[in-house]
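Q: Could you take me through one part of this structure in detail, beginning with the overall layout and then going residue by residue? I would like to follow the reasoning behind each description.

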Amino acid sequence: MPGSYYGVWYYSLWIIGLFVFFLNIRIKNKFIKKLIQHVANNSFAVYMMHLPMLLFYTKNNPITEFKEVVICIIGLFVGINILAEFLRKLPILEWLF
C-alpha cells in the first residue's frame, strides 16, 4: 500500500520530482487552463473524500484486477470533482470553497 512508503526518501523524492516537473509546464490552451483551474480548486475536496469513498466501496467489493483499479481511480476523481462543483453552488457551503 502507498501509505507504507510515506516518509521513505525515494518516495518523497519521487513526489517532489513530479511536483517540480508539473510546475514547469506552460499551458497555452485556454480551455485546458480553465479545466486545470477547476480541478485545482477541487483538489482539497478530492483529497478529503477519496479515502472514505474508496473504503466504503471496497468494503463489500474488493478490487482485484488492474482495470478495476484504473476505473475506480478515474471514477472517484471525476465523481468527486463533479460533486465539489455542485457543493460549490450551495449558498450555505459558499464560505467553504
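A: The chain of this predicted model contains 4 helices and 0 strands, and read from the N terminus on its elements follow the order α-α-α-α. Of its 97 residues, 8% count as buried, while the accessible surface of the chain comes to about 8700 Å², with 73% of that area belonging to carbon and sulfur atoms. If we take the contacts in the chain with a separation of 6 or more, 55% of them are between residues 24 or more positions apart.

The part to look at closely is the place where a loop residue meets helix 4, and a good starting point is Asn-42, which sits in the loop between helix 2 (30-41) and helix 3 (43-60). Asn-42 has a relative accessible area of 1%, so it is described as buried, the cut-off being under 20%. Once its neighbours within four places in sequence are left aside, Asn-42 is in contact with Asn-81, Ala-84, Glu-85 and Arg-88, and each of these four deserves a look in turn.

With Asn-81, the contact of Asn-42 is a polar one between the two side chains, at 3.3 Å. Asn-81 is a residue of helix 4, and because its relative accessibility is 10%, Asn-81 also counts as buried. Seen from its own side, and again without the neighbours within four places in sequence, Asn-81 is in contact with His-38, Val-39, Asn-42 and Val-46.

Ala-84 likewise belongs to helix 4, and with a relative accessible area of 0% it is buried. Its C-alpha atom is separated by 6.4 Å from that of Ala-45, although the two residues are 39 residues apart along the chain.

The remaining two partners of Asn-42, Glu-85 and Arg-88, are also joined to each other, for Arg-88 forms a salt bridge with Glu-85 in which the closest N and O atoms are 3.9 Å apart. The structure holds 1 salt bridge. Since Arg-88 and Glu-85 are 3 residues apart in helix 4, about one helical turn separates them. Arg-88 has a relative accessible area of 22%, and therefore it is called partly exposed, whereas Asn-42 beside it in this set of contacts is buried.

Helix 4, which covers residues 66-89 and includes Ile-74, can also be followed out to the surface. There a nonpolar patch is formed by Phe-66, Val-69, Val-70, Ile-73, Ile-74, Phe-77, Val-78, Ile-82 and Phe-86, which together have about 870 Å² of accessible area.

For a last comparison, we can turn to the aromatic rings, where a search of the whole structure finds 1 aromatic pair. The rings of Phe-21 and Phe-22 have their centres 5.2 Å apart and their planes at 70°, so this pair is edge-to-face. Such a description rests on two values, because a pair of aromatic rings is described by the distance of the centres and the angle of the planes. Both Phe-21 and Phe-22 are exposed, whereas Asn-42, with which this close look began, is buried.

Key: Residues are numbered from 1 along each chain as its sequence is written. This is a predicted model: local features need pLDDT of at least 70, side-chain atom pairs count only at pLDDT 80 or more; totals for chains, interfaces and linings use all residues. Side-chain values use heavy atoms; hydrogens and water are left out. Rings of Phe, Tyr and Trp (its six-membered ring) pair if their centres lie within 6.5 Å; planes under 30 degrees apart count as stacked, over 60 as edge-to-face and the rest as tilted. Buried means under 20% relative accessible area, exposed over 50%, partly exposed in between (1.4 Å probe, protein chains only). Patches are made of residues with over 30% relative accessible area and no salt bridge: like charges are joined within 9 Å, nonpolar side chains (Val, Leu, Ile, Met, Phe, Trp, Tyr) within 5 Å. Accessible areas come from the Shrake-Rupley method with a 1.4 Å probe; for residues, only the protein chains shown count as cover. A salt bridge is a side-chain nitrogen of Lys or Arg within 4 Å of a carboxyl oxygen of Asp or Glu. Helices (H or I, at least four residues) and strands (E, at least two) are DSSP runs, numbered from the N terminus. A polar contact is a pair of N or O atoms within 3.5 Å; within protein, one must be able to donate a hydrogen and the other to accept it, and residues adjacent in sequence count only if both atoms are side-chain atoms. Contact means heavy atoms within 4.5 Å.
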